[in-house]
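Please examine the model shown below together with its sequence. The explanation after it proceeds from the overall fold to individual elements and residues.

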Amino acid sequence: MKLLIASDIHGSAKAARYLIGHFEDGKYDRMLLLGDILYHGPRNALPGEYDCMKTAEQLNYYKDKIRSVRGNCDSEVDQMVLQFKITDDYAVLDCDGLSFFASHGHVYGPDRLPKEMYDVMLVGHTHVPMHEYARTFGDYKGMLLCNPGSTSIPKGGSEASYMSYADGWLNWHMLETGEIYDRVKVK
């Protein structure tokens, strides 16, 4: 299975357009969105090409291929214009025999781990790409914690980015070019 993983689009039609282009070009099976899809939030500047309805329209075309979780900026009003479910606090996926726990990061995250152990925990929320193996979480030791960064409002000196998963590898990509700039093997 090939996954495209992204977070924090925040209503940027430009970011959605790039993601969809990479989704099509990479022949991905599914797109996993880690929340904060339409609204930019009161603490963030407006992202480039901020247009919630255009962003929704672009993503809705792929509604049958998208799995999403709720971000702290997502609401019931957003669900009214999106044709794929965004109200779950987390999702669990099995890819190639690996277990993935996906959440935005405000309910479950590195400081609030899920009740069960998974091979990979995916979160967004901070807008900063990262990956590290949990070392000090008792039963969670060895779980890979990952953040794809933000597609529209990157923070911490990072660039707009997303992730992909294929054949046991998680890859971090530059949003505009799709170029891989970091990667890690899962187990």
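The paragraphs that follow treat the chain as a whole, then a helix, a group of strands and several loop residues.

The structure is a predicted model. Its chain contains three helices and eleven strands. Their order along the sequence is β-α-β-α-β-α-β-β-β-β-β-β-β-β.

The overall dimensions can be considered next. Taken along the principal axes, the C-alpha atoms fill a box of roughly 45 × 35 × 30 Å. A compact globule of 187 residues would have a radius of gyration near 16 Å, and the value for this chain, 15 Å, agrees with that expectation. Of the 187 residues, 51% are buried. The chain exposes about 8,800 Å², of which carbon and sulfur atoms supply 50%. Among contacts with a separation of 6 or more, 58% are between residues 24 or more positions apart.

Helix H1 covers residues 13-25. Because each residue contributes 1.5 Å, the 13 residues of H1 should span 18 Å, and the end C-alpha atoms are indeed 18 Å apart. Its buried residues are Ala13, Ala15, Ala16, Leu19, Ile20, His22 and Phe23. An α-helix has 3.6 residues a turn, so residues three or four places apart point the same way. The buried residues of H1 pack against strand E1 (3-6), strand E2 (30-33), helix H2 (52-60), E9 and strand E10 (169-174). Just after the helix, Lys27 adopts a positive phi of about 50°.

Attention now turns to strand E5 and its partners. E5 comprises residues 98-103, and five of its six residues are buried. Strand E4 (residues 90-95) runs antiparallel to E5 and is joined to it by six bridges. Within this pairing, Asp94 stands opposite Ser99. E4 and E5 form a hairpin with two residues between them, and Asp96 in the turn has a positive phi of about 55°. E5 is also paired with strand E6 (residues 120-122), here in parallel and through three bridges. Phe100 of E5 stands opposite Val120 in E6.

Which residue of E5 can serve to illustrate its surroundings? Ala102 lies in this strand. Ala102 counts as buried because its relative accessibility is 0%, and the limit for that class is under 20%. Leaving aside neighbours within four places in sequence, Ala102 is in contact with Leu32, Leu34, Val69, Asp89, Tyr90, Ala91 and Leu122. Of these, Leu32 falls within E2, Tyr90 and Ala91 fall within E4, and Leu122 falls within E6. Ala160 is 58 residues from Ala102 along the chain, and their C-alpha atoms are separated by 20 Å.

The loops also hold buried residues. Gly71 is located in the loop between strand E3 (66-68) and helix H3 (76-81). Its relative accessible area is 0%, so Gly71 is buried. Beyond its neighbours within four places in sequence, Gly71 is in contact with Gly35, Asp36, His104 and His106. Gly71 and Tyr108 are 37 residues apart in sequence, while their C-alpha atoms are 11 Å apart in space.

Asn44 occupies the loop between E2 and H2. With a relative accessible area of 14%, Asn44 is buried. What joins the side chain of Asn44 to that of Lys155? The two side chains are linked by a polar contact of 2.8 Å. Outside its neighbours within four places in sequence, Asn44 is in contact with His10, His127, Ile153 and Lys155.

Ser152 is placed in the loop between strand E8 (144-147) and strand E9 (161-166). Ser152 is buried because its relative accessible area, 16%, is under 20%. A polar atom of the Ser152 side chain lies 2.9 Å from the backbone oxygen of Asp8. Not counting residues up to four places away in sequence, Ser152 touches Asp8, Ile9, His10, Ser12, Ala15 and Pro47. Ala15 in this list is one of the buried residues of H1. His10 is in contact with Ser152, and His10 is in contact with Asn44 as well.

Methods. Residues numbered from 1 in each chain as written. Predicted model: local features only at pLDDT ≥ 70, side-chain atom pairs only at ≥ 80, totals over all residues. Heavy atoms only, no water. Helix = DSSP H or I, 4+ residues; strand = E, 2+ residues; numbered from the N terminus. Buried < 20%, exposed > 50% of the residue type's maximum accessible area, 1.4 Å probe, protein only. Contact = heavy atoms within 4.5 Å. Pairing = 2+ DSSP bridges. Polar contact = N/O pair within 3.5 Å; in protein donor to acceptor, adjacent residues only side chain to side chain. Rg over C-alpha atoms; globule rule 2.2 N^0.38 Å. Areas by Shrake-Rupley, 256 points an atom, 1.4 Å probe, with all protein chains shown as cover. Expected span 1.5 Å × (residues − 1).
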